[in-house]
Amino acid sequence: MAATASSCIFCQRASNSTANNLLHFDERVVAFEDVNPSAVRHYLVIPKDHIPTVRNLQRRAEDYSLVSHMLEVGQTLLSQDSPQLKHRFGFHQPPMNSVNHLHLHCFALPYTPRWKFAKYISLGSIGFIEAEKLLEKIKP
């Protein structure tokens, strides 16, 4: 069963901007640490609006602007927290996504443990898509 905005765990998280564990919040997105981190630093940036997956994004200015903003927030957080490490940003594509709410993975590498990199392999139209690649796909 697909999550709806009222039952979505990320929607609940996004609507509680007073939570003390948020790394960032603004009118469009919130950011927080992944509960099951796969890297030295592993943050998630999610839109406040319920957007199920990358497949719901289209070639339009609104979607491009949102994903660009998500990426900027992630880049800012990691450049503050771990500027010396390599960073990686991207999204899981269905059916590989674990939560049906758009979320940007922001990594300061290396992966910990090393085998977790396997969850973030690009497999074409499924698997993981780099944020910059997604932006190319949805550029109006």
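## A guided tour of the chain

Begin with the whole chain in a cartoon view and follow it along the sequence, where the elements come in the pattern α-β-β-β-α-β-β-β-β-α, made up of 3 helices and 7 strands. Keep in mind throughout that this is a predicted model.

Before selecting anything smaller, turn the chain about its principal axes, along which the C-alpha atoms fill a box of roughly 40 × 35 × 30 Å. A compact globule of 140 residues would have a radius of gyration near 14 Å, and the chain, with 14 Å, agrees with that expectation. If you then colour by burial, 45% of the 140 residues should appear as buried. Of the contacts between residues at least 6 apart in sequence, 67% join residues that are at least 24 apart.

Now switch to a surface, which exposes about 7700 Å², with 53% of that area supplied by carbon and sulfur atoms. Selecting the charged side chains brings up 15 positive and 12 negative ones, and the centres of these two sets lie 8 Å apart.

Next, select helix H2, residues 61-81, and find histidine 69 within that helix. Is histidine 69 buried or exposed? Its relative accessibility is 16%, and because buried means under 20%, histidine 69 counts as buried. Show its surroundings as well: apart from neighbours within four places in sequence, histidine 69 is in contact with Asp26, Arg28 and Val29.

The last stops concern aromatic rings, of which the structure holds 6 pairs. Select phenylalanine 10 and phenylalanine 32, whose rings are edge-to-face, at 5.7 Å centre to centre and with 75° between the planes. This pair links distant parts of the chain, since phenylalanine 10 belongs to helix H1 (residues 9-15) and phenylalanine 32 to strand S2 (residues 29-33), 22 residues apart. Both phenylalanine 10 and phenylalanine 32 are buried.

Move on to phenylalanine 107 and tyrosine 120, where the ring centres are 4.6 Å apart and the planes stand at 70°, so this pair is edge-to-face. Phenylalanine 107 sits in strand S5 (residues 104-111), while tyrosine 120 is in the loop between S5 and strand S6 (122-123), so the pair ties together parts 13 residues apart in sequence. Phenylalanine 107 is buried, having a relative accessible area of 0%, and tyrosine 120 counts as buried at 2% relative accessibility.

To finish, which residues do ring pairs link into a cluster? Add Tyr111 and Phe128 to your selection of Phe107 and Tyr120, and the cluster linked by ring pairs is in view.

Notes
Residues numbered from 1 in each chain as written. Predicted model: local features only at pLDDT ≥ 70, side-chain atom pairs only at ≥ 80, totals over all residues. Heavy atoms only, no water. Helix = DSSP H or I, 4+ residues; strand = E, 2+ residues; numbered from the N terminus. Rg over C-alpha atoms; globule rule 2.2 N^0.38 Å. Buried < 20%, exposed > 50% of the residue type's maximum accessible area, 1.4 Å probe, protein only. Contact = heavy atoms within 4.5 Å. Areas by Shrake-Rupley, 256 points an atom, 1.4 Å probe, with all protein chains shown as cover. Lys, Arg positive; Asp, Glu negative; His and termini not counted. Charge placed at Lys NZ, Arg CZ, Asp CG, Glu CD. Phe/Tyr/Trp six-rings, centres within 6.5 Å; stacked < 30°, edge-to-face > 60°.
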